[in-house]
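Thanks for sending this one over. Here are my notes, set out as numbered points so that you can follow along with the coordinates open.

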Amino acid sequence: MLSTERTKTNSNMIITISTSSNHQLSSSLAETIANNDDLLTELFLCMPIKSLLIFKSVSKQWLSLITNPCFSYRRTPIPKSIVGLFVYNHLRSQQYDFINLTSSDLSDPPFQPLTFLNNSILQSCHGLMLLCSDNYCQLPTHYETNFGLGMFWNGSLHWISLWEGSLYFDVDEEKVHDLPMSDTIDVHYRRRFRYFGESRDHLHLIEIYGPCTALFYVYEMERHYSRWMVKYRVDLLAVAVAFPEMVRSHPLDIRKYGFLILPVVREEEDEDSYFLVHIPNKPMRYNFKDKSFEKVHEFAPVGIKIEVESTLEYRWSHAFQYTESLAYV
Amino acid sequence: MSTAATADASSSGDTTEGSVRLLTLQSEDGEVFEVKETIATQSVTIKGMVDDDCATSTIPVCNVTGRTLAMVIEWWNKHEIGAVSNEKELKEWESQFDTIDDKSDRDDVYDLLMAANYLNIPTLLDCCTSAVAEAIKGKSTDEMREFFDIKSDFDEKEEDALRKENQWAFEN
């Protein structure tokens, strides 16, 4: 029997529940839930992607709910949060390493190893990865542009060039347009891109000139392609104080700091946005808003003294964002 | 029959206490509860009835037992604006729903989940689904079938194909 008491205090009811009552069989209740599509969908929305992939094989009803496109969209709305990076280690293993950005458990890649990758990742975008096999088709090169790394943003593919000829291809229009580049750089320096990439529907570019490479801007392209505007001001001097291994000692070296930039990551709240700075043996997370920084990961030492950037393992052009998705291709 | 100590559970419903309107809810097993309208309208279903002027007499809450309805009302009281002084206290109170290891906890959460779905109470639904999701997230296909008492309707070949398609998820 149930024993539910109710007393009145200040017009609010206090309900005291005794737990000594008899229970219904939980199996029949569970069965009821398992047959209720609405409730199951609510449950599935809380589940990790990996569990959902396993649960597809529970029953036909479950398979149909999980593979329903409406469900995929609700479970992973766009834009999605980046979970980690696949980075090509060109120094040591000649393989893709995984940098986990969501968990402190660094040795926990989503799947390992990437045995299905015979060759390389060409690009990743919104949870899809473009892989390259032995037989690939060469893009036409009518322009003096490096077609190696196209960035998809704003319905178009973008390529940047060290010389004239940065451009974008509007996928709907099927037309090629010029991509305006800033012309404010000092003529004494050769153009040098330090980062180019998309995050949360924003296109970013970083170019660093002058001897003090620890101070620079992150640029963002205006939606109507009028100009690259300054989005963030970065100051890595405090990072160099905390991690002096990124300071170069050679007196003839005009660039005083050794680091590479891995992705600029925009978050839902702009104040949470950050980028990864790769300094010797570790990637650092640098928050744009408060200029704070923290170590994300520690790689095993390379064994040689870092004097030039080529001895850092990972390049921005070989770092691919990984987001979880139920996209069904 | 349950011993719901309803002070003046009349069938007329729609009583007022001060300026606050009271609604009368009747559970599936006949227990009657009087609840302030401002609290009960945390249920989207009940709010719809109030807005449509359909809440003037006793509201039957089918599919929900008196025991569960009492828990739902406790939830409403805790989540009434100003009822709990801080967020931390509320989270602590909610944490009792997080662990559903033993059978009686599980039954409570299942009951609440069904009630939250039927009455459309988003906060309670979120809390219960998270608790169940937490309990089942690491489970295998067979464990899930056992947990929810489901019989597979795939033949062996279909099931193998599904496993193969999502092979990485089944590893480690």
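1. Let me begin at a hairpin. S13(A) and S14(A) form one with 6 residues between the strands, and Tyr225(A) in this hairpin takes a positive phi near 60 degrees. Please keep in mind throughout that this is a predicted model.

2. The two strands of that hairpin pair in the antiparallel sense, over 7 bridges. If you want a place to start tracing the pairing, look at Leu215(A), which stands opposite Asp235(A) in S14(A). Strand S13 covers 215–221 and strand S14 covers 228–235, with Tyr225(A) in the loop between them.

3. Is Tyr225(A) buried, exposed or partly exposed? Tyr225(A) counts as partly exposed because it has 16 C-beta neighbours inside 10 Å, where 20 or more would make a residue buried and 12 or fewer exposed. The positive phi is worth a look on your screen, as Tyr225(A) is a residue other than glycine.

4. Chain B has a comparable spot to visit. Asn120(B) is not a glycine, yet its phi is positive, at about 55 degrees. You will find Asn120(B) in the loop between helix H5 (103–119) and helix H6 (122–136) of chain B. With 15 other C-beta atoms within 10 Å, Asn120(B) is partly exposed.

5. Now for the overall make-up of the chains. Chain A has 6 helices and 19 strands, while chain B has 9 helices and 4 strands. Read from the N terminus, chain B runs β-β-β-α-α-β-α-α-α-α-α-α-α.

6. On burial, 28% of the 329 residues in chain A are buried; for chain B, the figure is 33% of 172 residues. As for contacts between residues 6 or more positions apart, 41% of those in chain A join residues 24 or more positions apart. The corresponding share in chain B is 58%.

7. Which residues have the most contacts inside the largest nonpolar core? They are Leu85(A), Val87(A), Ile206(A), Ile261(A), Leu262(A), Phe275(A) and Val277(A), in a core of 51 residues. A second, separate core has 48 residues, including Leu40(A) and Leu53(A) from chain A, and Leu69(B) and Ala115(B) from chain B.

8. Leu85(A) makes a good centre for a closer view of the largest core. Leaving aside residues up to four places away in sequence, Leu85(A) touches Ile99(A), Leu101(A), Leu262(A), Pro263(A), Ala319(A), Phe320(A), Gln321(A) and Tyr322(A).

9. One annotation may help you to find your way. An unreviewed UniProt entry lists residues 37–71 of chain A under "domain: F-box". In the model, this span is 77% helix and 0% strand, and its end C-alpha atoms lie 11 Å apart.

10. Finally, some words on confidence. The model scores ipTM 0.74 and pTM 0.64. Chain B has a mean pLDDT of 79, with 81% of its residues at 70 or more. Among the elements of chain B, strand S3 (residues 32–36) has the highest mean pLDDT, 92, and strand S1 (residues 15–17) the lowest, 51.

11. Which stretch of chain B has pLDDT under 50? Residues 1–14 of chain B stay under that value, and the model gives them 27 contacts beyond four places in sequence. Where pLDDT is low, the predicted coordinates should not be read in detail.

Terms used: Residues are numbered from 1 along each chain as its sequence is written. Chains are lettered from A and ligands numbered from 1 in the order in which they are written. This is a predicted model: local features need pLDDT of at least 70, side-chain atom pairs count only at pLDDT 80 or more; totals for chains, interfaces and linings use all residues. Two residues are in contact if their C-beta atoms, placed from the backbone, lie within 7 Å. UniProt positions are given in the numbering used here, feature names are shortened, and annotations may be inferred rather than shown by experiment. A nonpolar core is a set of buried Ala, Val, Leu, Ile, Met, Phe, Trp, Tyr and Cys residues joined through C-beta atoms within 7 Å. pLDDT is the predictor's confidence in each residue, from 0 to 100. Two strands pair if DSSP finds at least two bridges between them.
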